[in-house]
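Biologist: I should be grateful for a close look at a single part of this structure, set out step by step and then placed in its wider setting. Please let each statement rest on the coordinates.

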Amino acid sequence: MTGRDRPIPLATPHLCGNELAYLTECIESNYVSSIGPFVERFERAFAKFVGTKHAVACASGTAALHLAMIAVGVGPNSYGVAPTLTFIASANAIRYTGAEVMLVDAERRTWNMDPGLVEADVKRRARAGHPLPSVIEAVHILGHPAQVEVLLTLRDKYGIPIVEDAAEALGARYATGPLAGRQVGAIGDLGCFSFNGNKTMTTGGGGMVVTNDWHLAERVRHLSTQARLPGVAYDHDAVGFNYRLTNIAAALGLAQLEQLPRLLARKSSLAARYDAAFGDLPVELPPRSSDAVSSHWLYSLLVDTAHTRDEMVRRLNVAGIEARPLWPPLHTQQPYRHAPIMGGLTAMELAARGVSLPSGAGLTNSEQARTIDGVREVLCETRYVPSGPFVYPG
Ligand SMILES: *Cc1c(COP(=O)(O)O)cnc(C)c1O
């Protein structure tokens, strides 16, 4: 590790296709705002990629989630179920509507929300005649698909809508069982994606809601444009939002979407290299279930203790390598300190031991090798692991 090399970012945009050409088209045609041909082109191509009938482009992933929650009827005097181990926007989208959030522990197998806890609680409530949640939010954290089959059963049995937060998991899919071949985001009533700069593909900032339900798609589209009725008059039938994506952002999005298979393939090979390089270390590799394919958004491993985690993050950062701890579980954070929580110890453990490593599609092989050496060096000093530079197999 030398300080002279350029810092290695955690995840940054990788602009490698028609981005400039499409942006030039926007500027030359004067379509730079929320009206323009790229918005519709991007929506159509995105729906096709994910495998849904409809897609509505939004100003951010958070805006997409907010509209999805309203569209399925989440609001005051209700509560939504969400994982405690996720980025805070997942839960905020429920709170924006006036609903409360019930947080749920993570499971070991995928690090996502434990569906068994949700099932047990919903069944208990149904038996007791207590109110059921107005939404179950399935978040696919770090790119790994959540176990959703149990949640789908609850939807069918009790009519509880499912909103997927697939912000980190674009391109991830199920491989076996009844959902085989289906992509995350296309499973629930509505699925939401983010195109923030750190996500697998970016529009600078943006998001998308996808669904197979025409009425839900129209509701989201309507609310995203101030709930304004067609025609020249300023007639509105609801309190809407200014959440539409601009044509400029959509132009970037379409160019990035064309590159998405390449971006995903690169992230998958980065993850495979990390896996191979860390196989002999006292760490736990990220979840890989045999019935799902991860999008490998952010490569995260578990070290032995919170102390090792802090040391690793600190020392990698000093070496110019942008490593990060996982998110503190939401039930430990100020806005959700009083939210009800089911379990929570697994999320606490994953958060205490989790370290995320540089995973952007633009990461070079030599930057990855530097990161691997850095990780080995830290573990060598804290855990007596053989040191030395990592040699790629083959
Ligand atoms: C990034 C992210 C969001 C929010 O997306 P933005 O586009 O940044 O608003 C929501 N949920 C999860 C899990 C995310 O990682």
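Modeller: The account below begins with the ligand and its surroundings, then turns to Arg-108 and to the aromatic side chains. The model is predicted, and the distances, angles and areas quoted here are computed from it.

Sixteen residues surround the ligand, and those that come nearest are Thr-62, Asp-165, Glu-168, Ser-194 and Lys-199. Three of these side chains can be described atom by atom. An N or O atom in the side chain of Thr-62 is 2.5 Å from an oxygen atom of the ligand. In the side chain of Asp-165, an N or O atom is 2.7 Å from a ligand nitrogen atom. The side chain of Lys-199 has an N or O atom 3.1 Å from an oxygen atom of the ligand. Taken alone, the ligand exposes 380 Å², of which the protein buries 91%. Two elements each give two or more residues to the shell, namely helix 3 (61-71) and helix 4 (89-96). Helix 3 supplies the largest share, three residues. By type, the shell holds eight polar, five nonpolar and three charged residues.

A second site worth describing is centred on Arg-108, in the loop between strand 3 (100-104) and helix 5 (115-128). Its relative accessible area is 36%, so Arg-108 is classed as partly exposed. Its side chain makes a polar contact of 2.7 Å with the side chain of Glu-284 and another, of 2.9 Å, with the side chain of Glu-349. Neighbours within four places in sequence aside, the residues in contact with Arg-108 are Glu-284, Leu-302, Thr-346, Glu-349, Leu-350 and Arg-353. The chain separation involved can be seen from Leu-350, which is 242 residues away from Arg-108 in sequence while the two C-alpha atoms are 8.4 Å apart.

Leu-350 is also one of the buried residues of helix 10 (residues 345-353), together with Ala-347, Ala-351 and Arg-353. In an α-helix there are 3.6 residues a turn, so residues three or four places apart point the same way. The cover over the buried residues of helix 10 includes strand 10 (300-302), helix 9 (306-318) and strand 13 (354-356).

The aromatic side chains complete the picture. Nine aromatic pairs are found in the whole structure. In one of them, Phe-46 and Phe-193 have ring centres 5.1 Å apart and planes at 75°, so the arrangement is edge-to-face. This pair links distant parts of the chain, since Phe-46 belongs to helix 2 (residues 37-50) and Phe-193 to strand 7 (residues 190-194), 147 residues apart. Phe-46 is buried, with a relative accessible area of 0%, and Phe-193 counts as buried at 2%. Another pair is formed by Phe-278 and Tyr-299, whose ring centres are 6.3 Å apart with planes at 50°, so this pair is tilted. Phe-278 lies in helix 8 (residues 247-278) and Tyr-299 in the loop between strand 9 (292-293) and strand 10, so the pair ties together parts 21 residues apart in sequence. Both Phe-278 and Tyr-299 are buried. Phe-46 and Phe-193 also belong to one aromatic cluster with Phe-42 and Phe-195.

Notes:
Residues are numbered from 1 along each chain as its sequence is written. This is a predicted model: local features need pLDDT of at least 70, side-chain atom pairs count only at pLDDT 80 or more; totals for chains, interfaces and linings use all residues. Side-chain values use heavy atoms; hydrogens and water are left out. Buried means under 20% relative accessible area, exposed over 50%, partly exposed in between (1.4 Å probe, protein chains only). Helices (H or I, at least four residues) and strands (E, at least two) are DSSP runs, numbered from the N terminus. Contact means heavy atoms within 4.5 Å. A residue is near a molecule or strand if one of its heavy atoms lies within 4 Å of it. A polar contact is a pair of N or O atoms within 3.5 Å; within protein, one must be able to donate a hydrogen and the other to accept it, and residues adjacent in sequence count only if both atoms are side-chain atoms. Accessible areas come from the Shrake-Rupley method with a 1.4 Å probe; for residues, only the protein chains shown count as cover. Ala, Val, Leu, Ile, Met, Phe, Trp, Tyr, Cys and Pro count as nonpolar, Asp, Glu, Lys and Arg as charged, and the others, Gly among them, as polar. Rings of Phe, Tyr and Trp (its six-membered ring) pair if their centres lie within 6.5 Å; planes under 30 degrees apart count as stacked, over 60 as edge-to-face and the rest as tilted.
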